[in-house]
Amino acid sequence: MPAPAIAITDLTKRYGDSGPLAVDGVSLTVEPGSVIGFLGPNGAGKTTTIKILAGLLSATSGTASLGGFDVVRQRASAMAQFGAVLEGSRNVYWTLSSWQNLIYFGRLKGLRRSAAAARAERLLTDLGLWERRHEKVGGFSRGMQQKVAIAAALIADPAIILLDEPTLGLDVAATRTVKDLIRALARDEGKTILLTTHQLDVVEELCDRVAVIREGRFVTDLPTGTLLSQFRKHDHYEIRVEARTEPVVLPDGFTAARGDEDTVITGQVQDGDDLYALIESLRGQGLPLRSLAQIQPNLEAVFLSLVEEPARG
Amino acid sequence: MAKHFAAAPGAGIRTGTTVLAAEVRKGLANQLAHPLGHIVTLAISVMMYLGLQYVMGQGDMRDDLLPATLIAIGAYWFLQYSGQVMVADLIEEKRSGTFAAALMSPAPPWVAMCGRLVTATVFALPIAVLASLVPALAVGIEIPWRWSALVPYLLLAANILAFTFLMAAIAIRNPMTGALHSLLTSLVLMLNGAFMPLALYPEWMAAAARLLPTTLAIEAINLVLFEGGSLASVWSGGTLPLLIAHTAVLAALGAWLFRRNRRLAIAEGRVGQY
């Protein structure tokens, strides 16, 4: 049985002697080939955990390993397992060209120059940067710079990719490019990806699994589908009827919001009879039914409900 | 599915040399990204030196002062440019975040530092030679050569690199090291003999100057080249032992601070960025 791609056991990090616990006894196992969304509000412990995995920060206690190699005791082997794009960081040299950057980062991971050059050519071609490979990265757009940063993380063809806010500050088109790239890495190349982002639609679309951290502790760690289904409210409905100026009479617990064309009615029913009774009532008020749908929570709603729950004592 | 690999036996040395070479290549490319800046600096350095000597000679170029001061100004530029590669670039990289990216390598962290040290040497040495050669050719300064001067010349380079390494080790945790480095290099420029030979300074000022990098080495070079001293006499006179001790202390302090600051920076989460 292969070692987990990422394994964190009872990881704790306290900054300073008396500072708060940034990470508080976190454990996580990520199987090879999976894409995990690592979510949490600012200051929850995401970047701290990623920095520990990347060997840039020491843990107060606990262990972290990449590809079965402990990031402290087997540092050299662990460092060979991953590529990373760090949050709020330039990641690549703006004074160098994308070609020079990729060769440098490839060599930094121990690749021979010929291997680094071959891989760089493929990555730059795939990312549409080949024609501009000799231009300084400092002159690129933010999206192109981020593409180079991701390419630098991929130059040694690592099995594990740590992406900390890879779409931060990108416009819609650049975000789409990065999303497509992550999807291809996961589905076509079987990479293990740990992704943190505040763009939850990206996580919902790409991640097999979601772990939410708050105040240094995991509040959930489930497959994305399971997490969403747990929060699915089977008894909550959205009913659209034709917009009217007269007020709509509704049972307790229902609200109506009038738009230009539709009035949107939302609320909770006890059972099917309640629902039929409501529809009958609306018909009785002369309001033609436009649509009826069960309310499906998105990841954003789930995330907010998880991180806004009262803190544990 | 992507596979995981352990570092192969023997891969450590190969990876180390690969990373070292990559670091040097990147460092040089980084420095040469804006060549005009270096050309302007070099032109200013030549004019500054010649102007300085004109003022010190009270309207005349004094042949008795020029050779010794030229060696000192060359040493200053070696120190200045080593610092630019090792200290200023390190601080800039930590501020921008590329330093963190460079640390995620299978090679031990000191390999990248060695790469920077090699880059500092490879880049700063030609600049120092050029900054000395141009005024030498311009006003016809002749510096005699004796093979025994090679020892203090090599010790001068070691002294400068040890000081630069110490500054870089401090810069791992402290972004204000750039200001400290600028202050110290300015003191070196004033006191190492680039204005006038150290023998012309008051005794207390010469004693203080000997604590700074380059001064003792320049003194040793002057003794060998201009006063006909042998290495044995420079040793017995105390300059060489003091120079070796000075260099060793700087290097040892640098190594100790590098280990300490790296350990603390990793604990504080500031190893990659301030």
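**Pockets, cavities and selected elements of the model**

In this predicted model, three helices of chain B each supply at least two residues of the lining of the second largest pocket: H3 (66-96), H5 (109-139) and H6 (150-171). The largest share, six residues, comes from H5(B). In total, 20 residues line this pocket. Those nearest its centre are Ile71(B), Ala128(B), Val129(B), Ser132(B) and Tyr153(B). The volume of the second largest pocket is about 430 Å³. By class, 18 of its lining residues are nonpolar and two are polar. No charged residue takes part in this lining.

Enclosed spaces were examined next. Rolling a probe the size of a water molecule over the atoms shows where empty space is left. The count comes to five cavities of 30 Å³ or more. The largest cavity has a volume of about 170 Å³. Its lining has 16 residues, and the closest to its centre are Phe105(A), Lys109(A), Ala152(A), Ala153(A) and Ala101(B). Three elements of chain A give two or more residues to this lining: strand E6 (82-85), helix H3 (98-108) and helix H5. The lining of the largest cavity divides into 13 nonpolar residues, two polar residues and one charged residue.

Chain A as a whole has 313 residues, of which 51% count as buried. It contains ten helices and 14 strands. Its C-alpha atoms fill a box of roughly 75 × 50 × 40 Å along the principal axes. Among contacts in chain A with a separation of 6 or more, 68% are between residues 24 or more positions apart.

Helix H6 of chain A covers residues 172-187. How far apart should the ends of its 16 residues be, at 1.5 Å a residue? The expected span is 22 Å, and the end C-alpha atoms are 22 Å apart, so the two values agree. At the N-terminal end, Asp171(A) caps the helix. A side-chain oxygen of Asp171(A) lies 3.3 Å from the backbone nitrogen of Ala173(A).

The buried residues of H6(A) are Ala174(A), Thr175(A), Val178(A), Lys179(A), Leu181(A), Ile182(A), Arg183(A), Leu185(A) and Ala186(A). An α-helix has 3.6 residues a turn, so residues three or four places apart point the same way. The buried residues of H6(A) pack against three strands of chain A, namely E3 (35-39), E7 (160-164) and E8 (192-196). They also pack against helices H5 (142-154) and H7 (200-206) of chain A.

Two single residues were then considered. Is Thr214(B) buried or exposed? Thr214(B) has a relative accessible area of 0%; this is under the 20% cut-off, so the residue is buried. Thr214(B) sits in the loop between helices H8 (203-209) and H9 (215-226) of chain B. Its side chain makes a polar contact with the side chain of Asn192(B), at 3.2 Å. Beyond its neighbours within four places in sequence, Thr214(B) is in contact with Ala75(B), Leu156(B), Asn159(B), Ile160(B), Val188(B) and Asn192(B).

Asp126(A) belongs to helix H4 (residues 113-126) of chain A. Its relative accessible area is 54%, which is over the 50% cut-off, so Asp126(A) is exposed. Asp126(A) and Gln81(A) are 45 residues apart along the chain. Their C-alpha atoms are separated by 22 Å.

Key. Residues numbered from 1 in each chain as written. Chains lettered and ligands numbered in written order. Predicted model: local features only at pLDDT ≥ 70, side-chain atom pairs only at ≥ 80, totals over all residues. Heavy atoms only, no water. 1 Å grid on protein atoms, 1.4 Å probe; cavity = no way out; pocket = protein on both sides within 12 Å on 5 of 7 lines; lining within 4 Å. Points joined across faces, edges and corners; volume = space filled by probe spheres on them. Helix = DSSP H or I, 4+ residues; strand = E, 2+ residues; numbered from the N terminus. Nonpolar A, V, L, I, M, F, W, Y, C, P; charged D, E, K, R; others polar. Expected span 1.5 Å × (residues − 1). Buried < 20%, exposed > 50% of the residue type's maximum accessible area, 1.4 Å probe, protein only. Contact = heavy atoms within 4.5 Å. Polar contact = N/O pair within 3.5 Å; in protein donor to acceptor, adjacent residues only side chain to side chain.
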